[in-house]
Amino acid sequence: MSRQLQFVHIGKCGGSTVNSLLRQSPLISQRYSSFFESHINGVNPDLGCDYLFCIRNPIDRAFSGFEWRRKLILIDQIPGQVCRFPGEAEVLSRYGSLGEIARRLYRASDGRLDQAVARDYGLIHHLRESIAFYLEPLLNGVVCPENVFGVVCQEFLQEDCLRILGVAPGELRERSNDSRRSIEHDLDAVAVKNLRRFLVKDYQCLTALWSLGCLSDRRYWNLMRFSDEI
């Protein structure tokens with residue numbers, strides 16, 4: 001009997017596109033009996049299935065996640081989202097941007113983590129469910145080169161989907177110049193430094209995938225560098 005494929009959909013990494021393409025992929029239908037998606041409820045560590053991941057640079061991902069939740073809750077005020085997660089709306093309103101919360105993560109007086117700010121960070125959907133939230137349970141003896149079907153990098157979405165799934169996403173909406181200016185304006189050197197430190201487990205998980213041979217050197221180094229540094 002053919003194996004199942006578990007698609008580990010890490011939020012804000014292009015996973016919705018990948019999930020749609022899985023249903024169209026002739027390579028998936030030929031190789032697997034079925035596939036299922038693991039998302040915000042966590043992953044299912046299972047040695048009996050293969051794995052497909054979508055990943056992204058941790059800081060770019062955090063910025064995208066903050067801005068997406070801010071749009072849904074503060075700007076569009078979607079009824080089903082405003083009260084979906086207790087405390088999220090208040091935190092988004094109080095800090096206003098990822099840069100503001102990032103600059104306050106570590107105290108200027110002694111460089112130690114401000115636990116109250118860290119808790120606030122964890123109230124934001126997608127930021128709470130970090131890359132490590134999805135990958136850590138699988139990187140302790142569950143995944144290996146033999147059961148990783150592929151890794152789709154958001155930064156190489158078109159190329160990776162075609163190579164791994166045999167189906168291209170088609171027309172992609174590239175990040176606009178306004179969005180790039182927004183992220184560059186919001187995340188100064190202090191914010192980036194703090195996020196690198198705070199998201200160290202995310203970076204360690206990406207390094208673990210690379211060490212397994214699941215990421216090329218080119219993709220790994222792009223993932224490890226914040227977009228403004230490329």
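Reader: In what order do the 4 strands of the open sheet come, and is the pairing parallel or antiparallel?

Author: Good place to start! Strands of a sheet pair through backbone hydrogen bonds, either parallel or antiparallel. In this predicted model, the order is 2-1-3-4 and the pairing is parallel.

Reader: Which are the edge strands?

Author: Look for strands that pair on one side only: here they are strand 2 (34-38) and strand 4 (148-153). As you follow the sheet across, neighbouring strands are turned by 20° against each other on average, direction ignored.

Reader: How many bridges join strand 1 to strand 2?

Author: Strand 1, residues 4-9, is joined to strand 2 by 5 bridges, and the two run parallel. To find your place, pick out L5, which stands opposite F35 in strand 2.

Reader: Which strands does helix 9 touch as it packs on the sheet?

Author: Helix 9 (residues 157-165) touches strand 3 (49-55) and strand 4. Its direction makes about 160° with that of strand 4.

Reader: Let's turn to pockets. What volume does the second largest pocket have?

Author: Its volume is about 240 Å³. The lining has 14 residues, and those closest to the centre of the pocket are S130, F198, L199, K201 and D202.

Reader: Which elements give two or more residues to that lining?

Author: Helix 3 (58-75) and helix 12 (200-211) do.

Reader: And how do the residues of the lining divide into nonpolar, polar and charged?

Author: For the second largest pocket, the lining holds 8 nonpolar residues, 5 charged ones and 1 polar one.

Notes
Residues numbered from 1 in each chain as written. Predicted model: local features only at pLDDT ≥ 70, side-chain atom pairs only at ≥ 80, totals over all residues. Heavy atoms only, no water. Pairing = 2+ DSSP bridges. Axes fitted to C-alpha atoms, helices over the stretch in contact; angles between N-to-C directions. Contact = heavy atoms within 4.5 Å. 1 Å grid on protein atoms, 1.4 Å probe; cavity = no way out; pocket = protein on both sides within 12 Å on 5 of 7 lines; lining within 4 Å. Points joined across faces, edges and corners; volume = space filled by probe spheres on them. Nonpolar A, V, L, I, M, F, W, Y, C, P; charged D, E, K, R; others polar.
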